[in-house]
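Dear colleague,

I am handing over the structure below, together with a short account of what was found in it. Please look through the sequence and the coordinates first, and then read on.

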Amino acid sequence: MSKLQVNDIVNKDDDGSVGFSRGAVVTGVATATGVNVTGVVTATTFLGDVTGDVTGDVAGNVTGNVTGNINASSASGISTVGILTAYSSIHINVGSGSTE
């Protein structure tokens, strides 16, 4: 295996970033800023804003604003300010009482 130790990698004209036309495999910790990904991103943790469509299961808490639609038959614990559209019954807890 070869080893590459450099401080900076630029394109051949020295005026931009490099391309990985055949992909890149990163093992270990990768720290990056200003990354735009086309395709699939898999990670154990996402930190920061997510823009675009999220497809699949979300486990854990979503903190912040959700703009768009949440399409899930198992969605629970949703707090909303504004308009909530639901496909079937809604159970609302208000203080010690509740209404359906």
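I begin with aspartate 14, which lies in the segment before β1. Aspartate 14 is not a glycine, and yet it has a positive phi of about 60°. Its relative accessibility is 57%, and because the threshold for the exposed class is over 50%, aspartate 14 counts as exposed. Please keep in mind throughout that this is a predicted model, and that the values in this message are computed from it.

As to the protein as a whole, it has 100 residues, of which buried residues make up 0%. Its secondary structure consists of 0 helices and 2 strands. The area that the protein exposes comes to about 10700 Å², and carbon and sulfur atoms supply 48% of that area.

A nonpolar patch of about 1000 Å² is found on the surface, and it is made by Val35, Val37, Val41, Phe46, Val50, Val54, Val58, Val62, Val66, Ile70 and Ile78. Of these residues, valine 66 lies in the segment before β1, the strand that covers 92–94, and isoleucine 78 is likewise placed in the segment before β1. With a relative accessibility of 44%, isoleucine 78 counts as partly exposed, because that class takes in values between 20% and 50%. Isoleucine 78 and valine 62, another member of the patch, are 16 residues apart in sequence, while their C-alpha atoms are 9.7 Å apart in space.

Glycine 64 also belongs to the segment before β1. Its relative accessible area is 57%, so glycine 64 is exposed. Between glycine 64 and glycine 48 there are 10.0 Å in space, C-alpha to C-alpha, and the two glycines are 16 residues apart in sequence.

Finally, I turn to the second largest pocket, which holds about 150 Å³ of space. The residues that line this pocket are Asp8, Ile9, Ser17, Val18 and Phe20. Sorted by class, the lining of the second largest pocket has 3 nonpolar residues, 1 polar residue and 1 charged residue; the nonpolar ones are Ile9, Val18 and Phe20, the polar one is Ser17 and the charged one is Asp8.

With best regards

Notes:
Residues are numbered from 1 along each chain as its sequence is written. This is a predicted model: local features need pLDDT of at least 70, side-chain atom pairs count only at pLDDT 80 or more; totals for chains, interfaces and linings use all residues. Side-chain values use heavy atoms; hydrogens and water are left out. On a 1 Å grid over the protein atoms alone, a cavity is a set of points where a 1.4 Å probe fits but cannot get out, and a pocket is an open set with protein on both sides within 12 Å along at least five of seven lines; lining residues have an atom within 4 Å of a point. Grid points are joined across faces, edges and corners, and a volume is the space filled by probe spheres set on the points. Patches are made of residues with over 30% relative accessible area and no salt bridge: like charges are joined within 9 Å, nonpolar side chains (Val, Leu, Ile, Met, Phe, Trp, Tyr) within 5 Å. Accessible areas come from the Shrake-Rupley method with a 1.4 Å probe; for residues, only the protein chains shown count as cover. A salt bridge is a side-chain nitrogen of Lys or Arg within 4 Å of a carboxyl oxygen of Asp or Glu. Helices (H or I, at least four residues) and strands (E, at least two) are DSSP runs, numbered from the N terminus. Buried means under 20% relative accessible area, exposed over 50%, partly exposed in between (1.4 Å probe, protein chains only).
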